Structure formats: C-alpha cells, structure tokens
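Here are some exercises to work through with the model open beside you. Try each one yourself before you read the solution.

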Amino acid sequence: MDPAALDAADPLRCFRERFALPEGKMYLDGNSLGCLPRETPQKLANLVDREWGENLIGSWNDAGWVSAPERVGAKIARLVGAADGEVVACDSTSVNVFKALCAALSVNQGRSTILSERGNFPTDVYMMQGLETLTGGRVRSRLVDPEEVIGAIDEDTAAILLTQVHYRTGRIRDMATTTAAAHAKGALAIWDLSHSAGAIPVDLNAARADFAVGCGYKFLNGGPGAPGYIFVAERHQADAIPALSGWFGHARPFDFEDRYEPAPGITRFLAGTPPILGLAALEVGVDLMLEADMAEVRAKSIAMGSLFTALMEPLCAAHGFALASPSDPNQRGSQVSYSHPNAYPIVQALIARGVVGDFRAPDVLRFGLTPLYTSFAEIASAVDILRAVMDEGAWDRSEFHERSAVT
Ligand SMILES: *Cc1c(COP(=O)(O)O)cnc(C)c1O
C-alpha cells in the first residue's frame with residue numbers, strides 16, 4: 001500500500017482541483033463540514049449581484065428560486081436511491097427529523113411509540129423527546145441499546161428512527177434488513193442519512209425506506225448551515241400530514257386562502273420561504289457529487305480507511321489508541337474513529353500541525369475520509385504527524401486542553 005501509487009491510480013483524482021483546499025492543511029473533517037467547491041463563490045456572487053441585486057423579486061419566477069427546493073431535492077434523490085418527487089431540500093436536519101416523526105405518526109395511526117437507539121446523534125433523540133413533551137406524553141419516545149432495536153419493535157411502535165452511518169463510530173446499519181424487520185411488525189422506518197449520502201451508496205427505495213432526512217453541509221459540500229432534505233416515499237405522501245403546515249407547503253400558496261390544504265406531493269413538506277442562497281451553494285455541491293461514480297467513491301473510501309487503519313496499528317500498540325470503528329471496512333462509513341483518554345488535546349495538537357480531524361465526546365478522535373478531495377498521501381502524512389505528536393508528547397500543552405464551543 002504505497003500512497004503515491006494509490007494516488008496515481010485513483011480514478012477520482014481529477015476532482016481534487018475542483019475544491020478550494022487551503023495550503024498546508026490535511027482536511028479530515030469533511031464529514032462535519034465539507035470543503036468549498038471552487039465554483040460556489042462565483043455562483044453565489046452571480047446570484048447576489050444579478051438575481052437578487054438587479055432582478056430582485058422577479059427572480060422568484062425568472063431565476064427558478066421558487067422551485068429550488070424541489071429541483072435540488074430531485075438531484076439529492078439520485079444520490080440516495082429515491083425517485084423524482086420524493087425528496088425536497090429544506091430546513092435543517094433537526095427540523096426535518098421532527099417533520100418525519102410527525103408524518104410517520106400520521107401515517108401509522110393508532111400507534112404511539114417512536115423507537116431509537118442510545119447513542120444516536122443527539123438531535124434526533126432530542127426531537128423525539130420534544131414531541132413527547134409537546135403531546136403531553138401521548139407520543140412516547142423510547143431508547144434501547146443499539147443491538148436491541150429490532151427486538152424492541154412491538155405493536156405500539158409507530159416508527160423506528162435510526163442513523164444509517166453512526167456519527168461517532170462510523171458503523172453502518174443494514175437499511176434493507178432493518179426496514180424489513182420494522183415492516184414485519186407494522187412499524188415504519190425513518191433513516192437519518194447525514195453521514196451516508198455522498199459517502200456510501202444509498203438505496204432508499206430498494207430498502208423500502210418510509211422516510212429519510214439528511215444534511216447538506218457534510219459529504220454534500222453545501223457549506224456551513226446548508227439546508228438539509230427530507231425524503232417521503234411516494235406511497236405515503238398522500239396520507240402524511242405535515243405538522244409544520246406552513247404556506248410554502250400549501251396546495252396554492254399564492255391564493256392566500258384562510259384554510260390550510262397540503263400540496264399534493266413532496267412539496268407539502270416545505271414550511272416557509274426557502275433559503276435561496278443556501279440552496280444555491282448546496283446545489284453546486286450536489287452537482288459535483290453527481291459527477292462522481294458512487295462505486296468509485298466507495299472503493300476509494302474503503303482503500304483510504306484500510307490504509308489509515310494499517311498505518312495506525314503501531315500507534316495503537318505504542319500509544320494506546322483503540323479503533324472505535326468496525327474493523328471490517330464494509331461495516332464502516334467514510335470515517336475512522338479511535339478512542340484515547342487524551343483524545344481532546346491530541347486532536348487540538350493535530351489541528352495546530354495542519355491535520356484537521358475532530359473530537360467527539362467523551363474520548364473519540366474522528367477522521368473523515370472524503371474521496372473527492374482527500375489523497376492517500378495526505379492520509380499517510382496525517383498518521384506521520386500523529387506519530388510525531390505522540391512521540392514528542394506535544395499534545396500535553398495547556399492550550400490544547402482548553403475546550404472551544406465547537407469541537
Ligand atoms: C450532523 C447530523 C445532524 C445535524 O443536524 P442539524 O440540524 O443540521 O444540526 C443530524 N443528524 C445526524 C445523524 C448528524 O450526523
């Protein structure tokens with residue numbers, strides 16, 4: 001596994017120059033905030049100067065602003081195995097989780113429990129708990145250990161809410177078998193794709209998924225706070241009642257009627273005026289991702305993960321790192337995580353030397369692998385720098401122990 005040879009043979013290497021990558025940084029955090037596509041600043045400048053600055057409100061019609069959520073949604077649909085008209089780009093992932101939970105409960109009448117796993121990404125679980133509070137306990141939020149989810153689905157389970165690729169460990173859940181197990185018990189399956197869309201091949205319809213949500217700013221490179229998206233399987237759309245029944249999801253928003261009537265298709269899952277600047281940046285990232293062959297993306301991601309874990313083996317023995325991700329690359333998304341008691345200061349020392357990964361409480365160093373712009377040579381350098389940080393004890397400086405608001 002010679003990094004230079006792997007880079008020379010990499011079919012995706014031409015994508016690297018499509019991103020603005022800062023000099024001297026090895027960026028292994030694209031699973032938290034993806035890099036800036038080179039085309040994005042120009043696209044946004046044009047939107048601001050001409051579409052907004054000159055054409056003003058006319059751009060809602062003339063520049064396709066009004067249909068941007070459906071247009072970008074249809075592109076995301078192609079990345080996640082959904083059909084045109086099943087995905088809309090809007091709101092944050094957190095808000096979309098709430099919308100999907102409410103919609104699932106409206107489709108699966110008579111059941112009141114939402115089931116998830118302990119250690120799931122917090123916002124998903126918090127949204128479940130918020131819904132329980134809002135309904136005065138009529139909707140019940142239930143958490144069980146990860147390996148107990150399937151066995152815990154019962155006749156009151158309206159839906160399970162799971163993340164396909166776990167944010168901390170990168171573990172992949174088998175979407176098709178888990179969804180089938182939910183359906184066998186009369187429950188629906190809601191999937192969070194935040195760490196899977198653009199990272200691994202996703203096929204929502206082959207898995208018969210009912211609802212899904214995901215992030216725009218991670219592997220889709222949509223920029224900080226980019227809109228997320230929601231998928232509602234076509235078979236549920238007519239029965240799914242939008243809880244956030246805003247005017248953009250109305251059948252005829254510009255009739256300004258007193259009575260809410262949901263739009264017939266996926267559009268009913270819009271709430272308010274779409275964030276056009278954010279959607280424009282997201283569209284650039286999604287278009288770029290669509291140019292890549294997902295099988296090549298996955299193959300490179302697996303090869304990068306294998307190189308990383310192979311190079312890390314001596315450090316695990318010498319410095320006490322423990323692989324926190326599945327050791328089988330087929331069970332891992334596009335990240336590798338290690339636990340270490342001094343994970344936080346080690347990550348800060350790495351960042352100071354240009355290796356940008358992140359820390360996830362309580363003790364995890366997380367390294368995102370983004371096949372479109374990460375090279376094998378960078379993976380090898382990153383591990384070299386980690387070795388130096390450990391050998392020199394450079395992580396144990398007081399400044400590296402200070403916690404920032406965002407880790
Ligand atoms: C990143 C992430 C989110 C983020 O939600 P926001 O509303 O965009 O802050 C949600 N769920 C999962 C699983 C994530 O990894």
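**Exercise 1. The main core**

Which residues of the largest nonpolar core touch the most other members? Work out, too, where this core sits relative to the domains.

*Solution.* Keep in mind that this is a predicted model.

Step 1: pick out the hubs. The largest nonpolar core has 57 residues, and Ile76, Val80, Leu193, Leu204 and Leu220 touch the most other members.

Step 2: ask who supplies the members. Helix 10 (residues 276-291) gives the largest share, 7 residues.

Step 3: bring in the domains. Domain 1 (3-30 + 293-401) and domain 2 (41-291) both contribute residues, so the core lies between them.

Step 4: zoom in on one hub. Setting aside residues up to four places away in sequence, Leu220 touches Ile76, Leu79, Ala197, Gly198, Cys215, Tyr229, Leu282, Gly285, Val286 and Met289.

Step 5: look for another core. There is a second, separate one of 31 residues, and its members include Phe308, Tyr338, Ala343 and Met390.

**Exercise 2. The two domains**

How many residues does each domain bring to the contact?

*Solution.* Start with the bounds: the domain assignment gives domain 1 (3-30 + 293-401) and domain 2 (41-291). Their C-alpha centres lie 29 Å apart. The contact takes 27 residues from domain 1 and 20 residues from domain 2.

**Exercise 3. Two helices, checked with a ruler**

Find the expected spans of helix 6 and helix 13, then say what covers the buried residues of each.

*Solution.* Step 1: helix 6 (residues 122-134) has 13 residues, and at 1.5 Å a residue it should span 18 Å. The ends agree with that, since their C-alpha atoms are 18 Å apart.

Step 2: list what is hidden. In helix 6 the buried residues are Thr123, Asp124, Val125, Met128 and Leu131. Remember that residues three or four places apart in an α-helix point the same way, because there are 3.6 residues a turn.

Step 3: find the cover. For helix 6 it includes helix 5 (93-107), strand 5 (113-117), strand 6 (140-144), strand 7 (157-163) and strand 8 (188-192).

Step 4: do it again for helix 13 (residues 376-392). Its 17 residues should span 24 Å at 1.5 Å a residue, and the end C-alpha atoms are 25 Å apart, which agrees. Its buried residues are Phe376, Glu378, Ile379, Ala380, Ala382, Val383, Ile385, Leu386, Val389 and Met390. Their cover includes helix 1 (3-8), strand 2 (26-27), helix 11 (294-319), helix 12 (343-352) and strand 13 (355-356).

Step 5: see what follows each helix. Gly136 comes just after helix 6, with a positive phi of about 60°. Just after helix 13, Gly393 has a positive phi of about 65°.

**Exercise 4. Around strand 7**

In which sense do strand 7 and strand 8 pair, parallel or antiparallel? Trace the path that links them, too.

*Solution.* Step 1: check burial. Of the 7 residues in strand 7, 7 are buried.

Step 2: take one partner. Strand 5 and strand 7 run parallel and are joined by 3 bridges. Thr113 has Thr157 in strand 7 as its bridge partner.

Step 3: take the other. Strand 7 pairs with strand 8 in the parallel sense, over 5 bridges, and Ala159 stands opposite Leu188 in strand 8.

Step 4: follow the chain. From strand 7 it passes through helix 8 (residues 175-184) to strand 8, a right-handed β-α-β crossover.

**Exercise 5. Odd backbone spots**

Is Leu56 buried or partly exposed, and what about Asn221? Then locate the cis peptide bond.

*Solution.* Step 1: recall the background. Most residues other than glycine have a negative phi, and most peptide bonds are trans.

Step 2: place Leu56. Its phi is near 45°, a positive value, and it lies in the loop between helix 2 (40-52) and helix 3 (59-62). With a relative accessible area of 48%, Leu56 is partly exposed.

Step 3: place Asn221. This residue has a positive phi of about 60° and is found in the loop between strand 9 (211-214) and strand 10 (228-232). At a relative accessible area of 4%, Asn221 is buried.

Step 4: find the cis bond. It joins Ala361 and Pro362, with omega about 5°. Pro362 is in the loop between strand 14 (358-360) and strand 15 (364-368).

Methods
Residues numbered from 1 in each chain as written. Predicted model: local features only at pLDDT ≥ 70, side-chain atom pairs only at ≥ 80, totals over all residues. Heavy atoms only, no water. Core = buried A, V, L, I, M, F, W, Y, C linked by side-chain atoms within 4.5 Å. Buried < 20%, exposed > 50% of the residue type's maximum accessible area, 1.4 Å probe, protein only. Helix = DSSP H or I, 4+ residues; strand = E, 2+ residues; numbered from the N terminus. Domains from an automatic or database assignment. Contact = heavy atoms within 4.5 Å. Expected span 1.5 Å × (residues − 1). Pairing = 2+ DSSP bridges. Right-handed = clockwise from strand over helix to strand, strands pointing away.
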